[in-house]
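Q: Please take a close look at the salt bridges in this model. I would like to know which side chains pair up, where they sit, and how buried they are.

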Amino acid sequence: MQKTPLIPDYTAVSPTAEIRTQAHGWRAKCLQRLTRLDLPVPPTVALPAQTVRAIAAGHPVDTRAILAHFGPAPLISVRPSPENPDWGGPGTVLNVGMNAARHAALVRTHGQEAADALYVRFLQSYATHVARLDPDLFEIGKPSAEALKEALRQYEREMDEPFPEDPAKQLAEVLRSMARAWEGTSARLLRQAKGAPAEAALGLVVQAMAQGIGQGISGSGVVQFVDPVTGLAQVTGRYLGQSQGRDALKKTEAIYLTRDKRGPSLEDLAPEIFAELIRHGAACRKRLREEMQIEFTIEDGKLSVIDAVKVQRSARAGLRIAVALAEDGVILPEEAVLRVEPRALSELLHPQVDPRGPRDVFARGIAASPGAAVGRIVFTSDAAQASASRGEPCVLVRRETAPEDIRGMHSAAAVLTERGGVTSHAAVIARGLGVPCVVGASGLRLDLKERRLTAGDGRVFAEGDLITLDGTTGEVLVGAAEMLAPALDDSFRKLLGWADEVRDIGIRANADTPSDAATARQFLAEGIGLCRTEHMFFDEDRLVVMREMIFADTSKDRAAALVRLLPMQRADFVQLFEIMAGLPVCIRLFDPPLHEFLPHDREGMRELAEALDKPLSEVTRRAEALAEFNPMLGMRGVRLGVVLPEIYAMQAQAIFEATVEVARKGAPVVPEIMIPLVSARREVELVKTHIDAVAAAVRVKTGVNFDYKLGVMVETPRAALRAGEIAQHAAFLSFGTNDLTQMTYGLSRDDAGRFMNTYVQQGVFPEDPFHILDVDGVGELLQIGSERGRQTRPDLTLSVCGEHGGNPESIAFCRKLGLNYVSCSPYRVPLARLAAAHLALADHVDNPN
C-alpha cells in the first residue's frame, strides 16, 4: 500500500521570507515584522492555512523536517495564527518535544524542580488538548518527580499506551489537534459571531521555547505602553519569575514592571532588561505603527520577545491612540480617522460603566440609546419630575412610553421599558435627548399598582431602589456601578476636525428644544434638519392652552386659544435661531393627531373637565370623537393644516416674527418650513397659500423684509412617487424615513419589536428596516423621489431626517443618491460626521483620480 506523501509546505520566518497575512495569519506576519526590527525573537516556522487544512483532513506533515530547523532535541511551542487576531483560535501548547531524555538533560542544566515543572506542564496540556482526556485526572498539585511519574502512569492507564516519547509524533499530534479544533462546529460559530467569514482559515506558528524557568533571572511577562481604558501613555503589565507563557497575568505572585511602592518590580530586579523592553516597545510603535502588547521571556538574564499583539482597548483609548500616533507623525491624519469606528464614538459621548468594575446584571434588553446612568427607580413621569426637582437622579421605568411621558424622560437620568424596539417611541426620544435607554426588557414584570418590578431571576425592586442602566450594552445592574466620564477632549475634537476636512455630505441635527440645539452646536452640526414643533406643546402651561384649542367649537375660538400659544412658540424659535447663529433651521409644522394631547384615563378626563369648566360628559364625548382606529394614518400632519388652518397660521406667524426679531439683533436667518405627511400636490398648494399670506402680513406689520424656504417631508410612498409635481412648490424635500418605512412595509415601529428578531433570524428581512435603511424597497422610493424631484427642479435640496440619518450604512446610500445632507439626533452627529469621512476616504482609495 502506497504511503500518503508528507506535506512539505512551511516557511522559516525571517526578514526576507514570503510571509503573507492572508496565508500564514497575523501572528506569523507580526513575528516577521519583529525580526525585521532586530528584536530577539526565537527561531520560528510558519505553516500556511492550506497546510493546516490538509492536516485537519488527515494528511501528514513532515514534522521531522520542521524540527530540524530548531537544532538537536529542541523544545517548541505551537500557537494559532488566524488572519485576524479577533477570531481567536485553539490554545497554545508549550514545551512540545519534552520526553525522558530531554527531561534528564534539563535536570542537569536547570535542576530537578524546573525540569519536573516543564515536563508536567507539557503532559497536562497534551493530555487535555490533544488526547482530550479529563483535566481533573491530571490535577497533581505542586510538580515533583513523584507527581510526574503518577501523571505518566495515569496517561498510560487512560490511553492504553505510554506517553509519546518521539518529538516528531508529539508535534504531528499537536498540529492535527489544533487544526481539527479550528474546523469544529463550536469554534466555527464562535468566530463567525466575532465577524469571521465562514471560510476563515487558520495558520499555525511553531517557535523555539525560551524557557523562563531555570538558573539566574528567569521568568515571563507581558508589557504594554498605554492604558487600555483611557489610552494615556503608561507602562503596564506583570512579570513572574520561573514561569512561561502568560502566567504572569494569572498568578497573584507576579510583580510589577515599573518601580511601585506597593511591591517589587522588574525595573528594580533587572534595570537593563527593563530598559531593553522600553526600547523594543518604542520600536514597535514607530515601525509597526501601532501600540503593541509584548509577551516576553527571560532565561538566565537573556530577553526574548515571544509575541506582540495590538493592545486591546476601549473606544476612548482607541481614539486617543489614533490621534496620538497621527500627532507624532507615525500615521497620517486620514489613517487616524479610518482607525476609529464611527459607532465607537457613542461610548465617548456619554458616561459609561467602567469595564474594570463588578457588574451585577438583573435585566437585559435592547441597547436603544448609549451611555450609562445611576438613579433611583420611578414608575411615572410625575415621579421623575419630582425626583429631578429634588436634585436626585432617577431611572424612569415604563411598560412603554407615550408622548405625555416626554417631560418625565427629560427629567430622568435614564429610561427602561418592558416593551419596544430600537425605533420605538422611548428609543427615538431618548436618543434625541441623549438619555441612556434600554427597551424590550421582556424578562421584567412590572407591577405599577404596587410600584415594583420583578427581575427574571426573581429579585424584586421597589420604587426608590438604586440601579444602574447601561444603554450601551442593554444591561441593567443592581446598585451604583463605577462610572467613566464622557471623553469629549482635545483628541475627540481633533479627530472629528480631520473628518470634516474630507467628508462630502452635510450633517445636521434633529433638535426640538434649545437644549437639543445647544448639543447640536457643541457637536458642530451644520444646522437643524428637523425641529418637531409638537414636542414644544407638552409643557404643562402649553398643554392646557392646546386642550382649550382642541375643545374650541369655532375657528374664531380656536384662533383665540392659539393667540395665547403664539408668544410661547415665537420665544422657542428665537432661542433656536440665536443658538444656531445663522445656520439653517428646518422647522416641521405640527404633525401628531390631536387626541395625543388629551388624557387617556377617567381621572385625567375629570381634571381636564374642571380646568376647562365643562361637563365631564362633554369632555369624554369630544375625546371619543377625536379617537381614531389608526391614528398614524388619520387626521394628522398636513391634513390638520388643511382642515384646521389656524394651527399652521399661528406657527408660521411665530416663525416669521422670530425671524424678524433675530434679524433686528444683527443675525439674519432664512427659516426652512417643512410640511409633514404630504401625499398630494394640492395639499402643498393650499398650505403654501396660507403661509405666504402670513409672511406678507408679518412683513407689512414689522416693515422688515425676510426670506424663507418652504419644503415637504416625504413620508408617504405616494409623495415619493409624485415628487416631480410636489417639487413645483417646494424648495426642498426631506425624506422622513421613519414613517416612510412604516408605510412602505405596513408595519408599526412600536409593535415590530415583537416579531422582528424572528423575521431577521429566519431571513425574511436581512436587517431590522427601522434600524438600517431598506435600500431595496424604501431606498428605491428615495431614489425615485430624488430623481423626479430634481427633474422638475435641478436646484432642489434633498435630505434624510429620520433616525436612519445617523446610520453609517444609510449615509452611504444617501451619498450615492447625491443627497445634500442627512439629519440625525444630536448625539449621533459625531458618528455621522465620522462615518461620512470614512465613506469619502474609501471612495478616494477606490477612485484616486
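A: Start with the burial terms: buried means under 20% relative accessible area, exposed means over 50%, and partly exposed lies in between. The model is a predicted one. Its D500 has a relative accessible area of 23%, so D500 is partly exposed.

D500 has a charged partner. R833 forms a salt bridge with D500, and their closest N and O atoms are 2.6 Å apart. This pair links distant parts of the chain. R833 sits in helix α33 (residues 829-846), D500 in helix α18 (residues 490-502), and their positions lie 333 residues apart along the chain. R833 has a relative accessible area of 2%, so R833 counts as buried. One partner is therefore buried, while the other is partly exposed.

Now take R636 and D591. Their side chains meet in a salt bridge of 2.8 Å, N to O. Here too the pair links distant parts of the chain, 45 residues apart. Both ends are in loops: R636 between α23 (616-626) and α24 (638-643), D591 between β25 (585-588) and α22 (602-612). R636 is buried because its relative accessible area is 5%. D591 is buried as well, at 7%.

Next come E183 and R53. Their salt bridge spans 3.8 Å, N to O. It joins helix α8 (residues 167-183), which holds E183, to helix α3 (residues 49-56), which holds R53. The two residues are 130 apart along the chain. E183 has 27% relative accessibility, so it is partly exposed. R53 has 39%, so it is partly exposed too.

Salt bridges can also link up. R289, E290, R313, E335 and R339 form such a network. Across the whole structure, the search finds 62 salt bridges.

For contrast, look at charges on the surface. D134, D136, E139, E156, E158, D160 and E161 form a negative surface patch. One of them, E139, lies in the loop between α6 (112-130) and α7 (145-159). E139 is exposed because its relative accessibility is 61%.

One more arginine is worth a look. R508 lies in strand β23 (residues 506-510). At 9% relative accessibility, R508 therefore counts as buried. Its C-alpha atom is separated by 20 Å from that of P370, 138 residues away along the chain.

Note on methods. Residues numbered from 1 in each chain as written. Predicted model: local features only at pLDDT ≥ 70, side-chain atom pairs only at ≥ 80, totals over all residues. Heavy atoms only, no water. Patch = residues over 30% accessible without salt bridge, like charges linked within 9 Å, V, L, I, M, F, W, Y side chains within 5 Å. Areas by Shrake-Rupley, 256 points an atom, 1.4 Å probe, with all protein chains shown as cover. Salt bridge = Lys/Arg side-chain N within 4 Å of Asp/Glu carboxyl O. Lys, Arg positive; Asp, Glu negative; His and termini not counted. Charge placed at Lys NZ, Arg CZ, Asp CG, Glu CD. Helix = DSSP H or I, 4+ residues; strand = E, 2+ residues; numbered from the N terminus. Buried < 20%, exposed > 50% of the residue type's maximum accessible area, 1.4 Å probe, protein only.
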